[in-house]
Amino acid sequence: MDFTPTRARGLDRLAQFLPAAGRRYADTRNADNGPGDGHGRNNVSQLSPWLHAGLISETEVLDAVLSQHSPRGAEKFIAEVFWRIYFKGYLEQRPAIWDDFCTGRDNALAALDANSGLRAAYTKATEGRTGIEAFDVWVHELTETGYLHNHARMWFASIWIFTLKLDWRLGADFFLRHLMDADAASNTLSWRWVAGLHTKGKHYIARADNIARYTAGRPEGALAAARLAGDEAEPLTEQQDYGRQKLDLPAPVRDADLAKPFALVLHDEAAHHAPLALPTAPALVIAAGRSGARSPGTLGFHARGFAEDALASGHAEAAAAFGCPAAVWAEGAPLAPLLAEAGITRLAVPYLPTGWTRDALWPELAPLVGEGRVVTLLGDLDRTTWPHAKAGFFGVAKAIDGLLAECGTRDEASKINPVLTARR
Ligand SMILES: Cc1cc2nc3c(=O)[nH]c(=O)nc-3n(C[C@H](O)[C@H](O)[C@H](O)COP(=O)(O)OP(=O)(O)OC[C@H]3O[C@@H](n4cnc5c(N)ncnc54)[C@H](O)[C@@H]3O)c2cc1C
């Protein structure tokens with residue numbers, strides 16, 4: 001699979017995958033057929049790295065899918081795209097989950113330094129030397145390719161938590177450091193889901209027969225997973241009850257909001273201007289890459305490379321498309337001199353969802369927001385879907401038809417079945 005981090009390659013991959021987004025996806029998506037084009041990995045889109053980087057948008061993906069399939073024919077794939085939007089909206093209403101993850105991760109990393117037994121177990125796991133064949137294979141696949149199939153992520157997280165009994169936050173951090181699609185919302189909430197913290201008391205237990213069945217198409221054959229924790233494993237619990245806070249979302253941007261010269265800030269989660277559909281051209285394009293902020297640890301080659309090159313390609317393409325200068329807002333450097341040098345006082349900033357990109361950029365941006373100098377860009381699909389992400393996915397699933405119609409993505413001809421779409 002060619003994971004070149006450009007918008008053109010993301011659109012190519014989307015076009016290539018489209019014919020399979022209907023029944024074929026629904027029937028075959030659970031199989032982890034291993035990496036490589038020669039096998040069956042084409043049963044899933046592998047679009048997540050481009051989606052996370054904002055090189056392509058969920059709206060573009062849904063539009064393309066619905067140009068070739070009926071909403072019912074592609075309902076499983078459409079639902080999965082909405083899982084991504086759901087997790088974003090859910091975390092946006094409970095940002096303390098992210099803050100507590102960061103604190104818990106730091107404490108868990110410190111505990112490794114204080115406990116050599118724990119450190120040895122962690123090192124064995126992250127080097128793929130546990131003796132659980134399937135797990136060890138996925139560790140190598142993750143670190144060597146930057147991608148894991150969804151089912152493998154679920155089994156991996158389950159084995160990490162319930163068999164290896166390692167802190168879930170260390171596993172989530174390991175994923176963030178190595179996944180090209182590393183995403184604060186999808187990753188943190190999926191790990192919590194496996195642990196039994198997202199849907200309280202309902203955890204996910206990996207089973208050897210299930211792993212063997214769904215990995216039978218891998219080039220090396222079905223993966224073995226002996227001595228896994230079974231049904232006796234208890235879901236994790238926690239003291240905190242994360243209450244929902246009210247969403248405060250920006251209104252759609254009007255031409256008048258961008259009438260004065262402004263700089264467009266591209267960041268790791270919005271690396272390309274095209275999905276933003278700006279009504280007016282910026283006078284300056286600023287790249288603000290903060291991919292290293294996702295973890296105190298070292299990032300994997302593919303994770304770092306995809307993030308950095310995605311922003312570099314989007315930045316260059318924006319400057320060329322708008323015929324304007326480009327500047328880099330480097331980590332640790334102040335933003336003000338860049339703006340002063342260009343004689344610009346206003347900014348357009350793609351919405352910064354809860355996560356490390358926001359954590360890294362917000363301290364500099366917040367005063368400008370307070371002074372009314374920042375226009376925040378948020379797509380219609382997020383603005384309309386996030387309010388439905390109050391609790392379980394079902395709230396979003398049953399709204400999908402209306403959301404697609406509201407965002408102009410489809411007509412209301414045939415409805416998507418909310419019961420089917422609620423199943424993972
Ligand atoms: C423990 C764990 C950690 C995860 N961490 C991440 C992460 O950091 N970043 C990330 O993007 N996804 C994460 N996922 C969700 C999911 O595994 C990936 O989005 C999916 O495997 C990406 O591959 P794909 O593009 O081929 O997906 P496809 O099956 O082709 O689905 C199309 C798109 O729908 C979205 N999607 C699909 N499944 C899910 C899902 N279960 N949850 C949320 N969105 C989904 C993705 O944007 C994906 O690109 C995680 C899942 C688990 C169980």
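## Polar contacts to the ligand

In this predicted model, a polar side-chain atom of Arg 153 lies 3.5 Å from an oxygen atom of the ligand. Two further approaches to ligand oxygen atoms come from the protein backbone. Leu 47 places a backbone N or O atom 3.0 Å from an oxygen atom of the ligand. For Asp 183, a polar backbone atom is 3.0 Å from an oxygen atom of the ligand.

## Burial and location

The ligand on its own exposes 820 Å², and the protein buries 99% of that area. The site of the ligand is the largest cavity.

## Composition of the shell

The ligand is surrounded by 28 residues. Those closest to the ligand are Tyr 25, Ser 45, Gln 46, Tyr 147 and Asn 150. By residue class, the shell around the ligand holds 15 nonpolar, seven polar and six charged residues.

## Contributing elements and domains

Two or more residues of the shell come from each of helix H3 (48-53), helix H5 (75-92), helix H9 (150-163) and helix H11 (184-195). Of the elements, H5 gives the most to the shell around the ligand, with six residues.

At the level of domains, the shell around the ligand takes at least three residues from domain 1 (7-92 + 383-422) and at least three from domain 2 (97-214).

Notes. Residues are numbered from 1 along each chain as its sequence is written. This is a predicted model: local features need pLDDT of at least 70, side-chain atom pairs count only at pLDDT 80 or more; totals for chains, interfaces and linings use all residues. Side-chain values use heavy atoms; hydrogens and water are left out. A residue is near a molecule or strand if one of its heavy atoms lies within 4 Å of it. A polar contact is a pair of N or O atoms within 3.5 Å; within protein, one must be able to donate a hydrogen and the other to accept it, and residues adjacent in sequence count only if both atoms are side-chain atoms. Accessible areas come from the Shrake-Rupley method with a 1.4 Å probe; for residues, only the protein chains shown count as cover. On a 1 Å grid over the protein atoms alone, a cavity is a set of points where a 1.4 Å probe fits but cannot get out, and a pocket is an open set with protein on both sides within 12 Å along at least five of seven lines; lining residues have an atom within 4 Å of a point. A molecule sits in a cavity or pocket if more than half of its atoms lie within 2 Å of its grid points. Helices (H or I, at least four residues) and strands (E, at least two) are DSSP runs, numbered from the N terminus. Ala, Val, Leu, Ile, Met, Phe, Trp, Tyr, Cys and Pro count as nonpolar, Asp, Glu, Lys and Arg as charged, and the others, Gly among them, as polar. Domain bounds come from an automatic or database domain assignment.
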